[in-house]
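Me: I'm new to this structure and would love a close look at a single part of it. Could you take me through one set of neighbouring strands, step by step, and then show me what surrounds it?

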Amino acid sequence: MTIIHLTLKIWRQTGPESKGSFKTYESGPITTAMSFLEMLDVLNERLILSGEEPVAFDHDCREGICGMCGSVINGTPHGPEKKTTLCQLHMRHFQDGDTLVIEPFRSRAFKLVKDLIVDRSAFDAIIAEGGYVSVNTGGTPDANAIPIPTFTAEQALDAAECIGCGACVAACPNASAMLFVGAKISHLALLPQGQPERSKRALAMVKKMDELGFGNCGNEKYCEKACPKGISISNIARLNREFMRAAFCSVEE
Amino acid sequence: MQLNHRIPSGPLTEKWDRFRFETKLINPANKRKFEIIVVGAGLAGASASATLGELGYNVNTFCIQDSPRRGHSIAAQGGINAAKNYQNDGDSIWRLFYDTIKGGDFRAREANVYRLAQISNQIIDQCVAQGVPFAREYGGLLANRSFGGAQVSRTFYARGQTGQQLLLGAYSAMMRQVKAGKVTLHPRSEMMDLVVINGQARGIVTRNLITGAIESYAADAVVLATGGYGNAYYLSTNAMASNVTATWRAYKRGAAFANPCFVQIHPTCIPVHGTYQSKLTLMSESLRNDGRVWVPTRTGDKRPPAEIPEAERDYYLEKKYPSFGNLVPRDVASRNAKEQCDQGKGVGDTGLAVYLDFSEAINRLGEVAIRRKYGNLFDMYEKITGQDPVKEPMTIYPAVHYTMGGLWVDYHLMSTVPGLFVLGEANFSDHGANRLGASALMQGLADGYFVLPATISSHFAESSLPPITTSHPAFTEAMDTTKGRIQRLLSINGKRTPDDFHRELGLLLWDYCGMARNEAGLKLALGRLPDLKEKFWQDLKVTGSGADLNQTLERAGRVADFIEFAEIMILDALSRQESCGCHFREESQTGEHEAKRMDDKYSYVSAWQYQGEGQTPKLHKEHLVFENIQLSQRSYT
């Protein structure tokens, strides 16, 4: 196990209305087996004891699945490792003496709450518009009543793996949420269960996405690169197709 | 306090039907007159919120995360059990029921577990209809795998992220009700107290985690789905924010806490690597289907695994348990790993690990096939440890994972406080002294989708619920208590952080109330708690104020509750002088070092009742009656 020392430039902002700025901290000795968030824990323990408010950051499962953590590290959401959430990024990927610039996920639709924490409730608002199959509990057919080809189920799961962390929005020059929305649209459009509401869903979710101030996709692929779950940009193509199909061919409003 | 389990009469197989027929219903038009509070938005909370909203009730749902899609159910990897018998391998509702009772070492209620097995099939139907992309066979039908402790393939799964897919299904169903106006969400809200009026649960006090505002909400019933208390040990596989606060506050307002000493220690986790470690990561036990567990035969053998010849490897699980081998239940696998490490045969830097080796399976099936099955788990392991399990065996060690104990509930899932219902891991109901793999998802969804929505109407129909608003003095009192406590935490200004205290508590519990317990150790730990509590309230340091987002303050409040809670955990472990399931009292073991139950003395659910500050809680016993199965000594040899 190796010990490294880092310089951390961290965005500090007390609230949404206040002015924020970078503040520089020395990390102190960090073992390379630590996770990135454990490195922040160590810093925060020191800050608390010195009477300074610790750096606020979102995190929960620390297994890369809840989607709660995420900051921009040296310009990259979730840091330099591919397909890795911030909580699963380990310090062995950094060198002694490195300087790390740590910022929140920035976007018009993600209002800053404090330090590295942003409000991503816009994602919930988009899901509420149609990111579901409208079945009530009970009265559903036997689970094996509708066979689904393995390939289709796997493709749907590839899309459904999205953890809703918001890295795609933070990475996009247009702050577009189309990878997030495309993933949900694809997941349900691919499955037979999603067919009855296919058009309505595409129209409603896109409308909400626009309303909330997310930008449009410019095919730059930054989102795909930043996505810790490797959600493919082909889901955005499918979203466009679903939207066009619904807008031109559907009888729904 | 009376523990009335309210199990319906009649044959086991007819109880749930009989209950649903005999229970009083609420007219559809009247349902909208009832307000329900749901605390927690994991599988149980989200599925309950969705279903109650669909039925027409008005629901307010609270969670501590920024979005209800993040409850820790999301991290469940392996799968969900159901008695579909799609594989035609001899499964049935009765077999799932029997396996669950036996797996729990005969410390769960027959009626609850049978109902769970019955409902398991409806859950799968429901989830598929929602669009949960379960794994499928080439013909398009659902795939199943066998899972720890089961000899049939009854586990449905979605790669290694079944919990995520099920939770997103429940979350989506709930968001549909948000859109419909039946569910109102309160994310980043932490329940601080339960409000009890005229003996009924009528509301909660919360802290808005962004503004710090102390708020109160009134309702006709309160539903807790706030998960387990595994984080009492500091290190566990739970999410960082998982806590006991909601259930502990309810306990202090009169809800009995059942079987708090039943804590499951999962055998396949990534070992601890340093004192700064913040949490432990589970590796799904599905890995034990193809991985073989071993240690060197010689103590203190520090050679790298590749240099240890076959003859000097001890595949201790296969040797001791020939018919189950590496698939023995979790508690058995965990205890055996500890036993090997205690004998000095542990591997890795700390000597607190055993190998989980895939080389035999790779030779037999090929690397491609093994990667297809476990690829994401291998990646996860490599990400954390920097080692590739295809090239060298994984190192694993047990970690605190799930708590079978929880608030006591009756057949209706109602606690000893009328109007307070408890679902999922937060209650004690279905897993006895040990939970089988892939059964937590099943129970969370059974409680939320099917049980509570059927039982809550009888509470509304049979109780007198006078209109109440938050201006009632009970709300003012609870809010003042909460504010006073927060003020106290902020004003200590000592020298130790909440995490520092939490770590101390965790080590104490792990050492003396962990995988193996004995009277002397438990008494020692119990004796240290008052001192720890005193130090906490004298030397704690919390920065910032209570008037905005303050994560240190949040943690301090949770740690304070864990310290208090630890007392009933240890008292429970002390009072249960038998071994059963995960609760291993060293004084009570068989010749082969297996857990030895004492059915004549301990065939009961322990339920602890709060007696006031500084008073020893009172133990109540609900005796378990087994009319349908024969109790046997668990044997996996």
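Reply: Let's begin with a term we will need: two strands count as paired if DSSP finds at least two bridges between them. Please keep in mind that this is a predicted model.

With that in hand, look at strands E6 and E7 of chain B. E6(B) covers residues 189-197 and is joined to E7(B) by 8 bridges, the two strands running antiparallel. Together E6(B) and E7(B) make a hairpin with 2 residues between them. In that turn, Asn198(B) has a positive phi of about 50 degrees. To find the pairing by eye, go to Ile197(B), which stands opposite Gln200(B) in E7(B). In general, strands of a sheet pair through backbone hydrogen bonds, either parallel or antiparallel.

Now follow E7(B) itself, residues 200-208. This strand is mostly covered, as 9 of its 9 residues are buried. E7(B) also pairs with strand E8 of chain B, residues 214-218, in the antiparallel sense and over 5 bridges. One bridge to look for links Arg207(B) with its partner Ile214(B) in E8(B). E7(B) and E8(B) form a hairpin too, with 5 residues between the strands. Here the positive phi belongs to Gly212(B), at a value near 80 degrees.

Which residue of strand E6 of chain B shall we pick for a closer look? Glu190(B) is found in that strand. Is Glu190(B) buried or exposed? With a relative accessible area of 5%, Glu190(B) is buried, because the limit for that word is under 20%. Leaving aside its neighbours within four places in sequence, its contacts include Val205(B), Thr206(B) and Arg207(B), and Arg207(B) is the residue we just met as the bridge partner of Ile214(B). Elsewhere along the chain, Glu190(B) is in contact with residues including Ile64(B), Asn243(B), Thr245(B), Glu554(B) and Arg558(B).

For a contrast, step back to Val178(B), whose place is in helix H6 of chain B. Val178(B) is partly exposed, with a relative accessible area of 23%. Not counting residues up to four places away in sequence, Val178(B) touches Val183(B) and Leu185(B). Helix H6 of chain B, residues 162-179, also has a link to the other chain: the buried residues of helix H3 of chain A pack against it, together with helices H5 and H8 of chain A. Among those buried residues of H3(A) are Thr150(A), Ala153(A) and Leu157(A).

Finally, let's place these strands in the whole of chain B, which has 17 helices and 19 strands. The radius of gyration of chain B is 24 Å, close to the 26 Å that the globule rule gives for 637 residues, so chain B is as compact as a globular protein of that length. Its C-alpha trace spans about 75 × 60 × 50 Å along the principal axes. Buried residues make up 67% of the 637 residues in the chain. Of the contacts in chain B with a separation of 6 or more, 73% are between residues 24 or more positions apart.

If you would like another sheet to compare, chain B has an open one of 4 strands in the order E16-E10-E18-E19, with antiparallel pairing. Its edge strands are E16 (406-407) and E19 (618-623), each pairing on one side only. Within this sheet, 2 bridges join E10(B) to E18(B), and Phe257(B) has Trp608(B) in E18(B) as its bridge partner.

Note on methods. Residues numbered from 1 in each chain as written. Chains lettered and ligands numbered in written order. Predicted model: local features only at pLDDT ≥ 70, side-chain atom pairs only at ≥ 80, totals over all residues. Heavy atoms only, no water. Rg over C-alpha atoms; globule rule 2.2 N^0.38 Å. Buried < 20%, exposed > 50% of the residue type's maximum accessible area, 1.4 Å probe, protein only. Contact = heavy atoms within 4.5 Å.
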